[in-house]
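Reader: I am new to reading protein models, and I would like to learn how side chains pack together. Could we work through one example slowly?

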Amino acid sequence: MTNIVNADVDFELHCRQIHFNQSASPCMLITATDGCFAYFSTPMEFEFLLLETLCKAKSPEEWKHLLFDRLKEIVGDDYTLMIVCIGFSNFQEMKKYYKFRLNQLEKNDITLIRYAQNNEKELQKNMGNI
């Protein structure tokens, strides 16, 4: 890393202002340090963790606790995570909005990733025979 915020060296902070209008699709803006996602094999696994904990939670506060508890189990570093949700009238609406994406991730990506992780040695052996 070349641009680390540190009192001993010069660094740059970049910012960008983004305007959202009310008619835009709802969204979730996420900023995370590598301590959050570097321990996942793929970006889809990190997204799945975010959405799985979201859909299990009954409130934003419970989501925070579920998410941080799971991250504590997985990551081996300190981490910073900030999520801003825009365009949802309430927490239940947001959960409903992302439920389809969660199911899609599990069906199309996570099942295959877990299969590959569980059968890594056998897959490597078979790749050597090709």
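Author: The questions below deal with the nonpolar core and the aromatic rings of this predicted model.

Reader: Which residues touch the most other members of the largest nonpolar core, and which helices each supply at least two of its residues?

Author: The largest nonpolar core holds 24 residues, and those that touch the most other members are Leu-54, Trp-63, Leu-71 and Met-94. At least two residues of this core come from each of helix 2 (43-56), helix 3 (60-74) and helix 4 (91-118).

Reader: What does Leu-71 touch, not counting residues up to four places away in sequence?

Author: Leaving aside residues up to four places away in sequence, Leu-71 touches, among others, Phe-40 and Phe-46, which form one aromatic cluster together with Phe-37. The full set touched by Leu-71 is Cys-36, Phe-40, Phe-46, Leu-49, Tyr-79 and Leu-81.

Reader: Is Phe-88 buried or exposed?

Author: Residues under 20% relative accessible area count as buried. Phe-88 has a relative accessibility of 16%, so Phe-88 counts as buried.

Reader: What kind of pair do the rings of Phe-88 and Tyr-97 make?

Author: Their centres are 5.3 Å apart and their planes stand at 75°. Planes over 60 degrees apart count as edge-to-face, so the pair of Phe-88 and Tyr-97 is edge-to-face.

Reader: What kind of pair do the rings of Phe-88 and Tyr-98 make, and which parts does the pair tie together?

Author: With centres 5.9 Å apart and planes at 50°, the rings of Phe-88 and Tyr-98 make a tilted pair. Phe-88 lies in the loop between strand 2 (81-86) and helix 4, while Tyr-98 lies in helix 4, so the pair ties together that loop and helix 4.

Note on methods. Residues are numbered from 1 along each chain as its sequence is written. This is a predicted model: local features need pLDDT of at least 70, side-chain atom pairs count only at pLDDT 80 or more; totals for chains, interfaces and linings use all residues. Side-chain values use heavy atoms; hydrogens and water are left out. A nonpolar core is a set of buried Ala, Val, Leu, Ile, Met, Phe, Trp, Tyr and Cys residues joined through side-chain atoms within 4.5 Å. Buried means under 20% relative accessible area, exposed over 50%, partly exposed in between (1.4 Å probe, protein chains only). Helices (H or I, at least four residues) and strands (E, at least two) are DSSP runs, numbered from the N terminus. Contact means heavy atoms within 4.5 Å. Rings of Phe, Tyr and Trp (its six-membered ring) pair if their centres lie within 6.5 Å; planes under 30 degrees apart count as stacked, over 60 as edge-to-face and the rest as tilted.
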